[in-house]
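Colleague: I am new to this one. Please take me through a single part in detail, the place where two helices pack together, and set it in the whole chain.

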Amino acid sequence: MTAPVIEGIGLEAFAHHGVHDFEREEGQPFLFDIRLEGPAESQQSDRLEDTLDYGAVCDRVVELAGGGPYNLLERLAAIIADDLLERFPASAVSVTVHKPSAPIGHPFADVRVTVHRP
């Protein structure tokens, strides 16, 4: 039996990350996409304690997003991925951090960084 994939897409948190002083002072919204491979037994047991509680995962991501501050999205994503892998019964974690208000002098659809931990 393969592991179920549990995803949370577009989780929003306001935080103070970035390389510019004004980003750290004023803050801005960040979006997170979280992908976790959960325990296979949850497919049979139908019990919350046998799987990943995605509410608790989202709470933790928002809590970690409020830490730092970090200069790079890469560091923020790595902090979150490492923590989730240690804290929850996941065999793999991917974290994508989107910065929709990145200080880029051109129109853009998205800026994002993804970190994967097997």
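Modeller: Start with the contacts between residues at least 6 apart in sequence: 60% of them join residues at least 24 apart. Keep in mind that this is a predicted model. The protein has 118 residues, and 42% of them are buried. Its C-alpha trace spans about 50 × 25 × 20 Å along the principal axes. About 6700 Å² is exposed, with 50% of that supplied by carbon and sulfur atoms.

Next, the layout. There are four helices and four strands. Read from the N terminus, the order is β-α-β-α-α-α-β-β.

Now the close look. The pair to examine is α3 and α4. Helix α3 covers residues 54-65, and helix α4 covers residues 73-87. Their axes lie 10 Å apart. The angle between the two helices is about 140 degrees. The crossing of α3 past α4 is right-handed.

Which residues meet there? From α3 come V57, R60, V61, L64 and A65. From α4 come L76, I79, I80, D83, L84 and R87. Sort these residues by class and the contact of α3 with α4 has eight nonpolar residues. Three are charged, and none is polar. R60 in α3 is one of the charged residues, since Arg counts as charged. On the α4 side, D83 and R87 belong to the charged class too.

To find this contact in the model, trace residues 54-65 and then residues 73-87. V57 and L64 are among the α3 residues to look for, and I80 and L84 are among those in α4.

Methods: Residues numbered from 1 in each chain as written. Predicted model: local features only at pLDDT ≥ 70, side-chain atom pairs only at ≥ 80, totals over all residues. Heavy atoms only, no water. Axes fitted to C-alpha atoms, helices over the stretch in contact; angles between N-to-C directions. Left-handed = near helix turned anticlockwise from the far one by under 90°. Contact = heavy atoms within 4.5 Å. Buried < 20%, exposed > 50% of the residue type's maximum accessible area, 1.4 Å probe, protein only. Areas by Shrake-Rupley, 256 points an atom, 1.4 Å probe, with all protein chains shown as cover.
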